[in-house]
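Visitor: I should like a close look at a single part of this protein and at what surrounds that part. Please take one helix and follow its connections outward.

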Amino acid sequence: MAVNRVPVLKRCRSLGLDPIYLGIDKKSNRQLNRRSRKMSEYGMQLREKQKAKFIYGVLEKPFRNYYDKAKQMKGMTGTNLMILLETRVDNVLFRMGFARTRREARQIISHKLVQVNGHPINIPSFGLSVGDVIEVRENKRDSVRFKDILETTGGRLVPAWLEVDAENFKGTVKALPTREEIDVPVDEVQIVELYSK
């Protein structure tokens, strides 16, 4: 399995992204020594795509597959793409506050610590739909790791499209998110323009 090993803060700096969107509270003190050269249209489109891929932890081929799937769905392709990325089980686990970062959510899922509708899963890219119930396995709920996670993420705002029972480590997808509810600083229109060339 391919893994992106680029240091997170370094990548955030190069993309002009706030690490808080990844669930990281650290800030980088370094500044990029960029020449003030005007970025081309292609450069801006590529940057938006790289931002989306980096935030959700998706590599190029799966990201392209998400785009192709979004194109076949009804509605606007860019919005559909963001909804598909947002309803991945690793992202939903992060949004519910059961993981500090999306990378940690991927690890928790890979270790089969999560169940969807009562079935254990180990695929972080598993797509969720309305009514799906996500929960941490019962024998792992009392572990120190999950108690630490809840302490850290206690103040995090849970999106309106999710319903969370933090005490029982359980959550439900109430509805699909709208584009306004997805607080990710990505211009999906530019991604669509890049892929439609």
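Guide: The account below begins with helix α5 and then moves to its salt bridges, a pocket, the nonpolar cores and a strand residue. The model is a predicted one.

Helix α5 spans residues 89-96 and is mostly covered, with eight of its eight residues buried. These buried residues are V89, D90, N91, V92, L93, F94, R95 and M96, a list that includes charged side chains such as D90 and R95. After the helix comes G97, which has a positive phi, near 90°.

The charged residues of α5 have partners. D90 forms a salt bridge with R88, and their closest N and O atoms are 2.9 Å apart. Both R88 and D90 are buried. R95 is paired with D183 in a salt bridge, at 3.0 Å from N to O. Because R95 belongs to helix α5 while D183 sits in the loop between β5 (170-173) and α8, this pair ties together parts that are 88 residues apart in sequence. The two partners can be set side by side: R95 is buried, at a relative accessible area of 10%, whereas D183 is partly exposed, at 46%. In general, side chains of opposite charge can pair when their charged atoms come close.

By the rule applied here, the model has 12 salt bridges. Another of them joins E188 and R179, again with 3.0 Å between N and O. E188 and R179 are both buried. Elsewhere, K49, K53 and E60 are linked in a network of salt bridges.

Helix α5 also takes part in a pocket. The second largest pocket holds about 400 Å³ of space. It is lined by 18 residues, and those closest to its centre are I20, G23, F94, R95 and R156. Thus R95, already described as the salt-bridge partner of D183, is also among the residues closest to the centre of this pocket. Helices α5 and α7 (144-153) each supply at least two residues of the lining. By class, the lining comprises seven nonpolar, four polar and seven charged residues.

The nonpolar cores come next. In soluble globular proteins, nonpolar side chains tend to be buried together. The largest nonpolar core here has 24 residues, of which Y56, F63, L81 and L85 touch the most other members. At least two residues of this core come from each of α1 (8-15), α2 (41-56), α3 (60-72), α4 (77-86) and α8 (188-195). The greatest contribution is that of α4, with five residues. Apart from this core lies another, of 22 residues, among them L93, F98, I109 and V114. L93 is one of the buried residues of α5, and through L93 the helix has a member in that second core.

Within the largest core, F63 may be taken as an example. Leaving aside neighbours within four places in sequence, F63 is in contact with K49, A52, K53, V58, L81, L85, I191 and Y195. Of these contacts, K49 and K53 also belong to the salt-bridge network with E60.

The last stop is K170, in strand β5. K170 is partly exposed, with a relative accessible area of 35%. Beyond neighbours within four places in sequence, its contacts are F98, V133, I134, E135, E163, V164 and D165. F98 is a member of the core of 22 residues. K170 and A70, which are 100 residues apart in sequence, lie 28 Å apart in space from C-alpha to C-alpha.

Notes. Residues are numbered from 1 along each chain as its sequence is written. This is a predicted model: local features need pLDDT of at least 70, side-chain atom pairs count only at pLDDT 80 or more; totals for chains, interfaces and linings use all residues. Side-chain values use heavy atoms; hydrogens and water are left out. A nonpolar core is a set of buried Ala, Val, Leu, Ile, Met, Phe, Trp, Tyr and Cys residues joined through side-chain atoms within 4.5 Å. Buried means under 20% relative accessible area, exposed over 50%, partly exposed in between (1.4 Å probe, protein chains only). Helices (H or I, at least four residues) and strands (E, at least two) are DSSP runs, numbered from the N terminus. Contact means heavy atoms within 4.5 Å. A salt bridge is a side-chain nitrogen of Lys or Arg within 4 Å of a carboxyl oxygen of Asp or Glu. On a 1 Å grid over the protein atoms alone, a cavity is a set of points where a 1.4 Å probe fits but cannot get out, and a pocket is an open set with protein on both sides within 12 Å along at least five of seven lines; lining residues have an atom within 4 Å of a point. Grid points are joined across faces, edges and corners, and a volume is the space filled by probe spheres set on the points.
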